[in-house]
Amino acid sequence: MPEPGTTAVVIVLPDAAPLLDAAWRIDPALVRRGVPAHVSLLYPFVPASALTDQDEKGVRSLAASLPAADLLLEEVVTASGFVAVAVPGLQPIVDAFRARWPGLRPYGGRFGARPAAHVTVALGADDPTAAAHVRAAVGGLLPLRTHAAAVQLVVRTEEGWRPRFTAPLGGPDRQ
């Protein structure tokens, strides 16, 4: 579990919540409750204690320069203990954020230099039977259409992840 003060830049996809719900019905331990369906653009981002106005302005400015996106989610991907849904339509946005902060290693480098844009559905699905059930349940909900409209900077607190601010894609930010 990330330490309090850890930050991330994400795009929340409320329409993808049923994917997480399907995994939760199979095994609640596989789903990070309280964390909405999202695509991580930068995780971890700059620690909260080191965030500057320039970092926040950079997130807002980059979000404003990128278009909102209509998305089609249609592919379940799995790896050891991990079930996700690919979101290739957000890869250009993910790449733009990673290019803006090249010194930040996505996921601490655990998944290589350029992990694909995805919604994590289940973590810790080490039991192949449970992973297969999650994959089947999630696959039955696809294809799924959704819309990416905004970027959020979120901060891990003692109570869980909390939004610090929201910046619309292709427009001025709002609080």
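**Exercise 1: Getting your bearings**

How many helices and strands does the secondary structure of the protein come to? Work out their order too, and see how the chain fills space.

*Solution.* Keep in mind that you're looking at a predicted model.

- Step 1: Go through the elements and you get four helices and nine strands.
- Step 2: Now read them off from the N terminus, and the pattern is β-α-β-α-β-β-β-α-β-α-β-β-β.
- Step 3: Check the radius of gyration, which is 16 Å; the globule rule gives 16 Å for 175 residues, so the protein is as compact as a globular protein of that length.
- Step 4: For the outer dimensions, the C-alpha atoms fill a box of roughly 45 × 35 × 30 Å along the principal axes.

**Exercise 2: Inside and outside**

Find what share of the residues counts as buried, and look at contacts, surface and charges.

*Solution.*

- Step 1: Of the 175 residues, 47% are buried.
- Step 2: Take the contacts with a separation of 6 or more: residues 24 or more positions apart account for 76% of them.
- Step 3: Turn to the outside, where about 8800 Å² is exposed, with carbon and sulfur atoms supplying 55% of that area.
- Step 4: Finally, compare the charges: there are 16 positive and 16 negative ones, and their mean positions lie 3 Å apart.

**Exercise 3: A closer look at Leu73**

Is Leu73 buried or exposed? List what surrounds it as well.

*Solution.*

- Step 1: Locate Leu73 in strand β3, which covers residues 69-73.
- Step 2: Buried means under 20% relative accessible area. Leu73 has 0%, so it is buried.
- Step 3: Leave out residues up to four places away in sequence, and the residues Leu73 touches include Ala16, Leu19, Val85, Val119 and Pro143.
- Step 4: For a sense of distance, Leu90 is 17 residues from Leu73 in sequence, and their C-alpha atoms are 11 Å apart.

**Exercise 4: Two helices and their buried sides**

Which residues of helix α1 are buried? Do the job again for α3.

*Solution.*

- Step 1: In α1 (residues 17-26), pick out Leu19, Leu20, Ala22 and Ala23 as buried. Their arc around the axis is only 155°, which puts them on the same side of α1.
- Step 2: Ask what covers them, and you'll find β3, β5 (81-86), β6 (118-125) and α4 (128-139) among the elements.
- Step 3: Over in α3, the buried residues are Gln91, Ile93, Val94, Phe97 and Arg98. Looking down the axis, you see them within an arc of 165°, so they line one face of the helix.
- Step 4: That buried set packs against β1 (7-12), β2, α2 and β8 (150-157).
- Step 5: Flip to the face of α3 turned away from the buried side, and there sit the exposed residues Pro92 and Ala99.

**Exercise 5: Unusual backbone spots**

Where are the cis peptide bonds before Pro44 and Pro143, and what is the phi of Tyr107?

*Solution.*

- Step 1: Start with the background: most peptide bonds are trans, and most residues other than glycine have a negative phi.
- Step 2: From Tyr43 to Pro44 the bond is cis, with omega near -10°. Pro44 sits in the loop between β2 (38-42) and α2 (53-65).
- Step 3: From Leu142 to Pro143 the bond is cis too, with omega near 0°. Here the loop is the one between α4 and β7 (144-148).
- Step 4: Tyr107 has a phi near 55°, a positive value in a residue other than glycine. You'll find Tyr107 in the loop between α3 (91-100) and β6.
- Step 5: Check its exposure: with a relative accessible area of 10%, Tyr107 is buried.

Terms used:
Residues numbered from 1 in each chain as written. Predicted model: local features only at pLDDT ≥ 70, side-chain atom pairs only at ≥ 80, totals over all residues. Heavy atoms only, no water. Rg over C-alpha atoms; globule rule 2.2 N^0.38 Å. Buried < 20%, exposed > 50% of the residue type's maximum accessible area, 1.4 Å probe, protein only. Contact = heavy atoms within 4.5 Å. Areas by Shrake-Rupley, 256 points an atom, 1.4 Å probe, with all protein chains shown as cover. Lys, Arg positive; Asp, Glu negative; His and termini not counted. Charge placed at Lys NZ, Arg CZ, Asp CG, Glu CD. Arc of directions from axis to C-beta.
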